[in-house]
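Welcome, and please load the model in your viewer with residue selection ready. We will go from stop to stop, picking something and looking at what is there.

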Amino acid sequence: MQGSIRDSCKRLGSVHRGLAEGLTMHTMDFRLPVVEKLDRTFFKGKFCGTYGISVTTFVPFIRTPVILLNERWLSDYDLATNSLRRTMDCGWHPECDDVFDYLVFHEAAHTIYKNMSMNKKRHWKGFFRDRKNRSDIMDISGYSLVNAGECFCESVAAYYCGADHYRSNRFAAMARDLFF
Ligand SMILES: [Zn+2]
(Lines give C-alpha, C1' and ligand atoms only; values in the text may rest on other atoms or scores of the structure.)
Protein backbone atom coordinates (compact mmCIF):
# COMPACT_ATOMS: atom_id res chain seq x y z
CA MET A 1 0.00 0.00 0.00
CA GLN A 2 2.71 2.46 1.02
CA GLY A 3 4.64 1.50 -2.12
CA SER A 4 1.62 2.09 -4.23
CA ILE A 5 1.08 5.56 -2.78
CA ARG A 6 4.77 6.30 -3.37
CA ASP A 7 4.43 5.26 -7.01
CA SER A 8 1.46 7.56 -7.35
CA CYS A 9 3.52 10.46 -5.92
CA LYS A 10 6.22 9.65 -8.47
CA ARG A 11 3.64 9.78 -11.24
CA LEU A 12 2.46 13.15 -9.91
CA GLY A 13 6.08 14.28 -10.13
CA SER A 14 6.32 13.25 -13.76
CA VAL A 15 3.38 15.55 -14.54
CA HIS A 16 4.03 18.40 -12.10
CA ARG A 17 7.48 18.28 -10.57
CA GLY A 18 7.13 21.34 -8.34
CA LEU A 19 3.90 20.12 -6.82
CA ALA A 20 5.34 16.68 -6.04
CA GLU A 21 8.53 18.14 -4.59
CA GLY A 22 6.57 20.26 -2.13
CA LEU A 23 4.24 17.43 -1.17
CA THR A 24 3.95 16.31 2.45
CA MET A 25 1.81 13.33 3.32
CA HIS A 26 0.73 12.11 6.73
CA THR A 27 -1.57 9.41 7.91
CA MET A 28 -4.08 9.82 10.68
CA ASP A 29 -6.75 7.71 12.33
CA PHE A 30 -9.84 9.71 11.42
CA ARG A 31 -11.82 7.81 14.06
CA LEU A 32 -9.96 9.34 17.01
CA PRO A 33 -12.45 11.08 19.33
CA VAL A 34 -10.74 14.46 18.91
CA VAL A 35 -10.90 14.15 15.13
CA GLU A 36 -14.55 13.17 15.25
CA LYS A 37 -15.31 16.15 17.45
CA LEU A 38 -13.54 18.54 15.08
CA ASP A 39 -15.32 16.87 12.21
CA ARG A 40 -18.75 17.37 13.76
CA THR A 41 -17.95 20.98 14.67
CA PHE A 42 -16.42 22.17 11.41
CA PHE A 43 -17.30 19.70 8.67
CA LYS A 44 -20.78 18.46 9.61
CA GLY A 45 -19.39 14.97 10.15
CA LYS A 46 -18.44 14.48 6.51
CA PHE A 47 -14.73 14.18 7.09
CA CYS A 48 -14.31 10.88 8.95
CA GLY A 49 -15.48 8.74 6.06
CA THR A 50 -13.08 10.21 3.48
CA TYR A 51 -9.93 8.58 2.10
CA GLY A 52 -7.82 11.64 2.49
CA ILE A 53 -8.04 15.39 2.78
CA SER A 54 -6.05 18.34 1.55
CA VAL A 55 -4.98 20.23 4.69
CA THR A 56 -3.74 23.06 2.45
CA THR A 57 -7.34 23.92 1.61
CA PHE A 58 -8.31 24.61 5.22
CA VAL A 59 -5.20 26.20 6.68
CA PRO A 60 -4.23 29.74 5.69
CA PHE A 61 -0.66 30.43 4.52
CA ILE A 62 0.19 26.85 3.53
CA ARG A 63 1.04 26.95 -0.15
CA THR A 64 2.40 23.45 -0.69
CA PRO A 65 0.32 20.26 -0.78
CA VAL A 66 -0.19 18.75 2.67
CA ILE A 67 -2.31 15.64 2.50
CA LEU A 68 -3.75 13.64 5.37
CA LEU A 69 -4.61 10.06 4.51
CA ASN A 70 -7.10 7.97 6.39
CA GLU A 71 -5.02 5.37 8.23
CA ARG A 72 -7.87 2.91 8.26
CA TRP A 73 -7.61 2.53 4.50
CA LEU A 74 -3.85 2.62 4.41
CA SER A 75 -3.64 -0.37 6.72
CA ASP A 76 -5.64 -2.56 4.36
CA TYR A 77 -4.68 -2.48 0.68
CA ASP A 78 -7.61 -4.57 -0.52
CA LEU A 79 -10.15 -2.62 1.48
CA ALA A 80 -8.78 0.64 0.08
CA THR A 81 -8.61 -0.58 -3.50
CA ASN A 82 -12.04 -2.21 -3.49
CA SER A 83 -13.67 0.66 -1.73
CA LEU A 84 -12.24 3.28 -4.08
CA ARG A 85 -12.97 1.07 -7.10
CA ARG A 86 -16.63 0.89 -6.09
CA THR A 87 -16.86 4.68 -5.95
CA MET A 88 -15.54 4.73 -9.52
CA ASP A 89 -17.80 1.96 -10.80
CA CYS A 90 -20.90 3.89 -9.73
CA GLY A 91 -19.65 7.14 -11.28
CA TRP A 92 -19.08 9.01 -8.02
CA HIS A 93 -15.40 9.42 -8.89
CA PRO A 94 -13.68 9.29 -12.30
CA GLU A 95 -12.74 5.88 -13.61
CA CYS A 96 -8.96 5.54 -13.08
CA ASP A 97 -6.59 2.62 -13.71
CA ASP A 98 -4.80 3.11 -10.41
CA VAL A 99 -7.07 4.19 -7.59
CA PHE A 100 -4.18 5.70 -5.60
CA ASP A 101 -3.16 7.85 -8.55
CA TYR A 102 -6.67 9.27 -8.36
CA LEU A 103 -6.31 9.97 -4.65
CA VAL A 104 -2.90 11.67 -4.90
CA PHE A 105 -3.73 13.76 -7.98
CA HIS A 106 -7.11 14.83 -6.60
CA GLU A 107 -5.74 15.92 -3.22
CA ALA A 108 -2.68 17.62 -4.71
CA ALA A 109 -4.92 19.49 -7.17
CA HIS A 110 -6.56 21.23 -4.21
CA THR A 111 -3.28 23.11 -3.69
CA ILE A 112 -3.31 24.31 -7.29
CA TYR A 113 -6.91 25.43 -6.88
CA LYS A 114 -6.21 27.28 -3.66
CA ASN A 115 -3.26 29.15 -5.17
CA MET A 116 -4.92 29.88 -8.50
CA SER A 117 -5.02 33.52 -9.58
CA MET A 118 -8.32 35.38 -9.17
CA ASN A 119 -8.75 35.61 -12.93
CA LYS A 120 -8.24 31.93 -13.54
CA LYS A 121 -10.50 30.99 -10.65
CA ARG A 122 -13.25 33.30 -11.86
CA HIS A 123 -12.95 31.73 -15.29
CA TRP A 124 -13.21 28.21 -13.85
CA LYS A 125 -16.13 29.10 -11.57
CA GLY A 126 -18.02 30.69 -14.45
CA PHE A 127 -17.50 27.56 -16.47
CA PHE A 128 -18.71 25.44 -13.54
CA ARG A 129 -21.81 27.58 -13.02
CA ASP A 130 -22.86 27.25 -16.63
CA ARG A 131 -25.63 24.72 -16.17
CA LYS A 132 -25.63 23.90 -19.87
CA ASN A 133 -22.44 21.99 -19.19
CA ARG A 134 -24.00 19.86 -16.50
CA SER A 135 -23.71 16.69 -18.59
CA ASP A 136 -20.00 17.43 -19.10
CA ILE A 137 -19.55 17.68 -15.34
CA MET A 138 -21.49 14.47 -14.77
CA ASP A 139 -19.28 12.77 -17.33
CA ILE A 140 -16.33 13.48 -14.99
CA SER A 141 -18.00 12.34 -11.76
CA GLY A 142 -20.96 12.80 -9.45
CA TYR A 143 -18.72 14.30 -6.81
CA SER A 144 -17.80 17.11 -9.23
CA LEU A 145 -21.24 18.62 -8.72
CA VAL A 146 -20.43 19.40 -5.05
CA ASN A 147 -18.62 22.67 -5.85
CA ALA A 148 -16.22 24.30 -8.32
CA GLY A 149 -13.13 23.32 -6.30
CA GLU A 150 -14.01 19.64 -6.14
CA CYS A 151 -14.95 19.73 -9.81
CA PHE A 152 -11.46 21.06 -10.60
CA CYS A 153 -9.72 18.31 -8.61
CA GLU A 154 -11.91 15.59 -10.08
CA SER A 155 -11.23 16.94 -13.58
CA VAL A 156 -7.46 16.98 -12.99
CA ALA A 157 -7.57 13.37 -11.75
CA ALA A 158 -9.75 12.32 -14.67
CA TYR A 159 -7.45 13.95 -17.21
CA TYR A 160 -4.16 12.62 -15.86
CA CYS A 161 -5.17 9.28 -14.30
CA GLY A 162 -8.47 8.41 -15.92
CA ALA A 163 -9.73 6.45 -18.88
CA ASP A 164 -9.04 7.76 -22.41
CA HIS A 165 -12.49 9.22 -22.98
CA TYR A 166 -11.87 11.96 -20.37
CA ARG A 167 -9.31 13.60 -22.62
CA SER A 168 -12.12 14.88 -24.85
CA ASN A 169 -14.13 16.28 -21.92
CA ARG A 170 -14.22 20.11 -21.78
CA PHE A 171 -13.76 20.26 -18.02
CA ALA A 172 -10.83 17.86 -18.07
CA ALA A 173 -9.15 19.82 -20.86
CA MET A 174 -9.60 23.13 -19.06
CA ALA A 175 -8.37 21.66 -15.77
CA ARG A 176 -5.26 20.45 -17.59
CA ASP A 177 -4.57 23.99 -18.79
CA LEU A 178 -5.08 25.45 -15.30
CA PHE A 179 -3.03 22.79 -13.52
CA PHE A 180 0.25 24.70 -13.95
ZN1 LIG B 1 -11.42 17.09 -2.85
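Which residues in helix 7 meet which residues in helix 10? Keep in mind as you look that this is a predicted model.

**Stop 1: two helices**

Select residues 99-115 for helix 7 and residues 148-161 for helix 10. On the helix 7 side, show Asp101, Tyr102, Phe105, His106, Ala109, His110 and Tyr113. They meet Gly149, Phe152, Cys153, Glu154, Val156, Ala157, Tyr160 and Cys161 in helix 10. Colour this contact by residue type and you will find ten nonpolar, three polar and two charged residues.

Now turn the view to look at the two axes. They are 8 Å apart, and the helices pack at an angle of about 135 degrees. Angles over 145 degrees would count as roughly antiparallel and 65 to 115 as roughly perpendicular, so helix 7 and helix 10 are oblique to each other. Their crossing is right-handed.

**Stop 2: the sheet**

Keep helix 7 on screen and add the strands: helix 7 lies across strand 2 and strand 3, and runs at about 20 degrees to strand 2. What is the order of the strands in this open sheet? It is 1-3-2, three strands with mixed pairing. Strand 1 (24-28) and strand 2 (52-54) stand at the edges with a single partner strand each, so one side of each has no neighbour in the sheet. From one strand to the next, the twist averages 20 degrees.

Zoom in on strand 1 and strand 3 (residues 66-70), which run parallel and are joined by five bridges. Pick His26 here, and you will see it opposite Leu68 in strand 3.

**Stop 3: two loop residues**

Next, select Thr50, in the loop between helix 3 (33-43) and strand 2. Is Thr50 buried or exposed? Thr50 has 15 other C-beta atoms within 10 Å, so it is partly exposed. For a distance to try in the viewer, pick Thr50 and Ala158: C-alpha to C-alpha they are 19 Å apart in space, and they are 108 residues apart in sequence.

Finish at Phe61, which sits in the loop between helix 4 (55-58) and strand 3. Phe61 counts as exposed because it has 5 C-beta neighbours inside 10 Å. Check its backbone too: phi of Phe61 is near 75 degrees, a positive value in a residue other than glycine. Most residues other than glycine have a negative phi.

Conventions: Residues are numbered from 1 along each chain as its sequence is written. This is a predicted model: local features need pLDDT of at least 70, side-chain atom pairs count only at pLDDT 80 or more; totals for chains, interfaces and linings use all residues. Axes are lines fitted to C-alpha atoms, for helices over the stretch in contact, and angles run from 0 to 180 degrees between N-to-C directions. Helices (H or I, at least four residues) and strands (E, at least two) are DSSP runs, numbered from the N terminus. Angles under 35 degrees count as roughly parallel, over 145 as roughly antiparallel, 65 to 115 as roughly perpendicular and the rest as oblique. A crossing is left-handed if the near helix is turned anticlockwise from the far one by less than a right angle, and right-handed if clockwise. Two residues are in contact if their C-beta atoms, placed from the backbone, lie within 7 Å. Ala, Val, Leu, Ile, Met, Phe, Trp, Tyr, Cys and Pro count as nonpolar, Asp, Glu, Lys and Arg as charged, and the others, Gly among them, as polar. Two strands pair if DSSP finds at least two bridges between them. A residue is buried if 20 or more other C-beta atoms lie within 10 Å of its own, exposed if 12 or fewer, and partly exposed in between; C-beta atoms are placed from the backbone.
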